[in-house]
Amino acid sequence: MVRIEVIDIEKPEGVEVIIGQGNFSIFTVDDLARALLTTVPGIKFGIAMNEAKPQLTRYTGNDPELEKLAAKNALKIGAGHVFVILMKNAYPINVLNTIKNHPAVAMVYGASENPFQVIVAETELGRAVLGVVDGKAANKIETEEQKKERRELVEKIGYKID
């Protein structure tokens with residue numbers, strides 16, 4: 001039997017989330033923390049990672065509130081070797097390559113500031129992430145005015161397109 005569950009990720013408004021899966025939790029949680037600290041000056045974050053043996057959630061970071069929330073969310077997901085990063089003062093685009101290039105990271109499921117859900121399957125052996133829901137579904141195509149506003153915002157935060 002397989003039971004499917006949807007986990008709502010709990011986070012304050014404006015906090016970014018990254019959910020992924022790796023291995024060797026006892027080492028990876030601290031190593032990813034060091035990687036985040038050296039990638040973006042001024043980043044504030046909490047990271048938690050579930051360890052299959054001895055079945056606990058390891059956590060660290062440099063913001064106590066984000067550390068506790070990352071651990072709480074990772075434990076709710078419950079799948080082995082899944083990690084949860086909650087961060088502010090940085091965007092996922094600033095850190096994703098660093099995270100994905102870590103030798104113990106197998107994959108990143110998603111990264112966003114949007115409301116975020118994790119779809120989890122549970123079997124007799126344990127739990128697994130099937131995928132994520134990142135915000136609400138698109139329901140229309142942007143107008144020329146919306147395109148102009150998007151490009152102005154992107155430039156404002158430092159990413160010029162043309």
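**Exercise 1: the sheet**

Find the order of the strands in the open sheet of this predicted model, and name its edge strands.

*Solution.* Step one: look across the 5 strands of the open sheet, and you can read the order 4-3-5-2-6, with antiparallel pairing. Step two: look for strands that pair on one side only, which gives strand 4 (56-61) and strand 6 (105-112) as the edges. Step three: check how the neighbours are turned; ignoring direction, the average angle between neighbouring strands of this sheet is 15°.

**Exercise 2: one pair and the helices**

Work out how many bridges join strand 2 to strand 6, then find which strands helix 2 and helix 3 touch.

*Solution.* Start with the pair: strand 2 and strand 6 run antiparallel and are joined by 6 bridges. One residue to try is Gly-20, whose bridge partner in strand 6 is Val-108. Now add helix 2, which packs on the sheet and touches strand 2, strand 3 (44-51), strand 4 and strand 5. The direction of helix 2 makes about 30° with that of strand 3. Helix 3 (residues 92-100) also packs on the sheet, where it touches strand 2, strand 5 and strand 6. Its direction makes about 170° with that of strand 6.

**Exercise 3: the core**

Which residues touch the most other members of the largest nonpolar core?

*Solution.* Among the 21 residues of this core, pick out Ile-19, Ile-77, Val-84, Leu-86 and Val-118. Next, see where core residues come from: strand 2 (16-22), helix 2 (64-77), strand 5 (82-88) and strand 7 (116-122) each give two or more. Helix 2 gives the largest share, 6 residues.

Key:
Residues are numbered from 1 along each chain as its sequence is written. This is a predicted model: local features need pLDDT of at least 70, side-chain atom pairs count only at pLDDT 80 or more; totals for chains, interfaces and linings use all residues. Side-chain values use heavy atoms; hydrogens and water are left out. A nonpolar core is a set of buried Ala, Val, Leu, Ile, Met, Phe, Trp, Tyr and Cys residues joined through side-chain atoms within 4.5 Å. Buried means under 20% relative accessible area, exposed over 50%, partly exposed in between (1.4 Å probe, protein chains only). Helices (H or I, at least four residues) and strands (E, at least two) are DSSP runs, numbered from the N terminus. Two strands pair if DSSP finds at least two bridges between them. Axes are lines fitted to C-alpha atoms, for helices over the stretch in contact, and angles run from 0 to 180 degrees between N-to-C directions. Contact means heavy atoms within 4.5 Å.
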